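Let's take a relaxed walk through a protein model and see how its parts fit together. Keep the picture open while you read.

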Amino acid sequence: MARKRHDVMKTLADARPPELDPDHLAGSARARRDLETILAGRAEAPELRRSPRMFTWRWALPVAATAAAAGVLVATLPQGGSDAEGSRTSAGPGPTTDGARHIPANGRLALQHVADRLDRTAADEGTYWQVATRSGWIGVVDASGETFAVSSSEKQQRSFGVRPGTESLNVMGLDATTKPRSERDAARWRAAGSPKDLTLADTGQGGRLGLRIETGAGKRPTVDRINSGDRIAALGARNVTYEDLRKLPGDSAKLKEVLADLYREDGGSEVRGRTEWMWRQAAGLIGLPVKAEVRAAAYRVIAGLPGIRALGEVTDPLGREGVGFALPASDRPGYGTGRSELIVDPSTGALLSEQEVLTEPDAKAVEAGLTSGTVVNYTATVRSEWTDRQLKIPEAPETSE
C-alpha cells in the first residue's frame, strides 16, 4: 500500500518537460509507465491531447492465398475433447464494458506510443521476408437437428522472395486440427451420428456458408507458390511488387492518402465499410516486407480511425501478454455482433494478434454455447523476420494450382 502514497518529489519530477528528462526515452521504464498510465485511464498528459492521425487494420493476403481460403477444410474430428482456444482473457474490463479507460483518445495516444517504440534496429532487408502464424476460428454447425460449435486451428508460414530468381511460398495446414469445441459440443456431435461431413450454419449473408469440414486422416499441408511474376502480395485490389511495397511512404498522412485511393479503387465494396477496410489493410502492412517507418505509419493510421479505443492489458490466444485495441462492434453474420481487435507488444511495437471477438451472440451462437468475449477468429504472429534461407517444405505436401 505504501507505493500508492502521494510522493511530492515524484510529482515534481513527473512535471518536468519531457525534453528535459533524460529517462524519457523510447523503451525506457519511464516510457512504459507512461503508456500503462494512458491505457489504464489514470491520467492524461496535457501535452499529448493533440489530434492524432488516422489508423488502419491488417488483412492483406498473398497473391494466391485468397482462392485457397475458399476451399474445403479437411481435418480430424476426434470422439471428444475440448479446446482451450477461443476464449479471451483480460486484466482490464470485459468486451462490453465501457469506462474511463476506454476513452477513444486514449486508444489513439496508446497506439502513437506503440508506433514510437517499434523496433527499428533489426535488419531491414534480406532475401526472404518470412512470417509464421497460428490461426484459429470457431464455427457454429447444424447437423441432424443438433447445434454445436467446432474449433479449428492451424499453423501457416509465408515466405516472400524479394530477390530476382527467388520464389514466394505459402505453407498452410501445418498441425491442422478441427474438433468439437467442448465436451458438450462433442456430445451433440455424437448425438447427430458423428457425421463425417459438417456444414456451418446458414449465415443468411454468405460468410462461411457451405464450407465443409470433413473427418478422416487429416489433411496434408498445402504449399502454394504465391508470387505472380514479380508480384508477391495483395494490397487492396492490386497485386504489388516488392519495389511497390518499399516505395510506400513512412509518413502517416501520406500513407493514409495511399490507402484511401486504394479503397476508392476497390469500389468501397467491403461489407463492413471504409473503417474496417482501412483497419485491415493497414494492419496487413505490418506483416509485409515494408520499411520499419511504414509499419509505424500504419499504426498511426489505425490510431486515427473513428471509435478506436484501448482495452488495457490483455492476453492473446497464445497466452502472450500485450495491450489491446478495438474498433466499435458491428454485425458478424453467423455469430451476432463482434468487434475487430489488435494485440501488440507495447515495448517493441510488434503485432501479436489480430482477432474477431464476439460482443453479443445471436440465438444460434448462444445455442452453440458461444458467449460475449469469445474469440471467434484470430491470427497470431509467431515470428516475422528477414532471412537468406527459403522455407523447408513439408514432406509430401499438397499443392494447388
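## Buried rings

A residue counts as buried when its relative accessible area is under 20%, and as exposed when that value is over 50%. Keep in mind that what you're looking at is a predicted model.

With that cut-off in hand, take two aromatic residues: Y263 and W277 are both buried. They form one of the 3 aromatic pairs counted here. Their ring centres sit 5.3 Å apart with the planes at 65°, so this pair is edge-to-face. Y263 belongs to helix 7 and W277 to helix 8, so the contact ties together parts that are 14 residues apart in sequence. Elsewhere, ring pairs join W129, Y242 and W386 into a cluster.

## A helix tucked inside

Now find helix 9, which covers residues 292–303. From first C-alpha to last, this 12-residue helix reaches 17 Å, close to the 16 Å expected at 1.5 Å a residue.

Is helix 9 mostly enclosed or mostly open? Of its 12 residues, 11 are buried, so the rest of the structure largely encloses it. The buried set includes Y299 and I302, and also two arginines, R295 and R300.

## Strand 15 and its neighbours

Strand 15 (residues 351–361) tells a similar story: 9 of its 11 residues are buried, so it too is largely enclosed by the rest of the structure. Strand 14 (residues 336–344) runs antiparallel to strand 15, and 9 bridges join the two. Together they make a hairpin with 6 residues in between, and G349 in that turn has a positive phi of about 80°.

Strand 15 also pairs with strand 16 (residues 375–387), again in the antiparallel sense, over 5 bridges. To see both pairings in one spot, look at E356. In strand 14, its bridge partner is S340, while N377 stands opposite E356 in strand 16.

## Charged partners

Side chains of opposite charge can pair when their charged atoms come close. Across the whole structure, a search turns up 14 salt bridges. One of them joins R238 and E265, with 2.7 Å from N to O. This pair links distant parts of the chain, since R238 is in strand 10 and E265 is in helix 7, 27 residues apart. R238 has 43% relative accessibility, so it counts as partly exposed. E265, at 41%, counts as partly exposed too.

Helix 8 (residues 274–286) offers another example. The side chains of E276 and R280 meet in a salt bridge at 3.5 Å, N to O. Why are these two separated by about one helical turn? They are 4 residues apart in helix 8, and that spacing is about one turn.

## A buried network

E276 has another partner as well: R332 forms a salt bridge with E276, the closest N and O atoms being 3.2 Å apart. This link spans distant parts of the chain, with R332 in strand 13 and E276 in helix 8, 56 residues apart.

Are these charged residues buried or exposed? E276 has 4% relative accessibility and counts as buried. R332 is also at 4% and counts as buried, and R280 at 12% counts as buried too.

Which residues make up the network of salt bridges? E276, R280, R332 and E356 are linked in it. That brings us back to E356, the residue that stands opposite N377 in strand 16.

Key: Residues numbered from 1 in each chain as written. Predicted model: local features only at pLDDT ≥ 70, side-chain atom pairs only at ≥ 80, totals over all residues. Heavy atoms only, no water. Buried < 20%, exposed > 50% of the residue type's maximum accessible area, 1.4 Å probe, protein only. Pairing = 2+ DSSP bridges. Expected span 1.5 Å × (residues − 1). Salt bridge = Lys/Arg side-chain N within 4 Å of Asp/Glu carboxyl O. Phe/Tyr/Trp six-rings, centres within 6.5 Å; stacked < 30°, edge-to-face > 60°.
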